[in-house]
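Hi there,

Here is the structure I promised to pass on to you. Please open it alongside this email, and my notes follow below.

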Amino acid sequence: MVYLGLENPKDAGNVGSVLRALGCYQADGIFYTGSRYDRAVKHSTDTRNVAEKAQMSHVGSLLLVKEQLPDDTRLICVELVVGATPLPEFEHPEHALYVFGPEDGSIPQDIVSAADEVVYIPTVGCMNLAATVNVVLYDRLAKLGPAKDIKSGDELIKRSRDNRNRLKR
């Protein structure tokens with residue numbers, strides 16, 4: 001079980017790309033805080049209409065969400081925090097709530113303090129929200145493998161590409 005926690009996201013392009021990542025990497029849902037998400041999702045770039053299919057929940061606090069998830073769910077903050085673990089060294093838990101900060105701010109200190117782990121992506125400069133979500137979910141996939149019901153290979157490629165892609169090797 002994998003959930004994303006978005007702290008007051010604001011940019012429609014980022015929200016759409018996060019929704020697309022949710023579908024591509026088979027995450028289970030998104031919890032979000034603040035008022036800006038509802039405006040952004042209306043103008044998002046969610047070309048696969050994931051928002052209509054996935055679990056999407058507006059919450060007052062991402063800390064309260066963790067209490068509602070199974071006990072073995074780990075709260076993982078992804079943020080540029082002194083003392084954080086670099087993503088290449090991080091071992092993803094089976095069940096996680098990955099929390100990401102807003103494009104124009106940081107994850108609140110109380111959430112960082114309560115986190116089971118704090119992870120950062122070792123880049124020069126900060127990445128935007130959508131890029132960060134995609135990198136973290138890809139890293140999870142690369143290290144843990146695809147969801148149990150996902151088979152890799154040609155059938156997955158055919159199912160995943162858009163209707164204009166008919167390339168062959």
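**What I found**

Of the chain's 169 residues, 39% count as buried. Please keep in mind that this is a predicted model. The accessible surface of the chain adds up to about 9,800 Å², and carbon and sulfur atoms account for 49% of that.

**The overall layout**

The chain holds seven helices and seven strands. If you follow the sequence, they come in the pattern β-α-β-α-α-β-α-β-β-β-α-β-α-α. Contacts across the sequence are a strong theme here: among those between residues at least 6 apart, 80% join residues at least 24 apart.

**The sheet and its helices**

Seven strands make up an open sheet, with parallel pairing and the order β3-β2-β1-β6-β4-β7-β5. The edges are taken by β3 (55-58) and β5, and each has a single partner strand, so one side of each has no neighbour in the sheet. Helix α1, residues 12-24, packs on this sheet and touches β1 (2-6), β2 and β3. The direction of α1 makes about 145° with that of β2.

Helix α6, which spans residues 129-144, lies across β1, β4 and β6. Relative to β6, α6 runs at about 155°.

For a closer look at one strand pair, try β4 (residues 74-78) and β7 (residues 117-120), which run parallel and are joined by three bridges. In that region, V78 stands opposite V119 of β7.

**An aromatic pair**

How many aromatic pairs does a search of the whole structure find? The search turns up one. The partners are Y3 and F31: their ring centres are 5.3 Å apart and their planes meet at 50°, so the pair counts as tilted. Since Y3 belongs to strand β1 and F31 to strand β2, the pair ties together parts that are 28 residues apart in sequence. Y3 and F31 are both buried.

**Two loop residues to look at**

I also went through two residues that sit in loops.

You will find T33 in the loop that links β2 (29-32) with α2 (36-42). Is T33 buried or exposed? Its relative accessibility is 5%, and buried means under 20%, so T33 counts as buried. The side chain of T33 makes a polar contact of 3.1 Å with the side chain of E7. Setting aside residues up to four places away in sequence, T33 touches L6, E7, N8 and P9, together with H58, V59, G60, S61 and L62.

H95 is placed in the loop between β5 (85-86) and β6 (96-100). With a relative accessibility of 17%, H95 also falls under the 20% cut-off and therefore counts as buried. Which residues does H95 contact, beyond its neighbours within four places in sequence? They are M1, D72, T73 and R74. M1 deserves a second look: H95 and M1 are 94 residues apart in sequence, yet their C-alpha atoms are 4.8 Å apart in space. The side chain of H95 also reaches the backbone nitrogen of M1, at 3.1 Å.

Happy browsing, and do write back with any questions.

Best wishes

Definitions and conventions:
Residues numbered from 1 in each chain as written. Predicted model: local features only at pLDDT ≥ 70, side-chain atom pairs only at ≥ 80, totals over all residues. Heavy atoms only, no water. Helix = DSSP H or I, 4+ residues; strand = E, 2+ residues; numbered from the N terminus. Buried < 20%, exposed > 50% of the residue type's maximum accessible area, 1.4 Å probe, protein only. Polar contact = N/O pair within 3.5 Å; in protein donor to acceptor, adjacent residues only side chain to side chain. Contact = heavy atoms within 4.5 Å. Areas by Shrake-Rupley, 256 points an atom, 1.4 Å probe, with all protein chains shown as cover. Pairing = 2+ DSSP bridges. Axes fitted to C-alpha atoms, helices over the stretch in contact; angles between N-to-C directions. Phe/Tyr/Trp six-rings, centres within 6.5 Å; stacked < 30°, edge-to-face > 60°.
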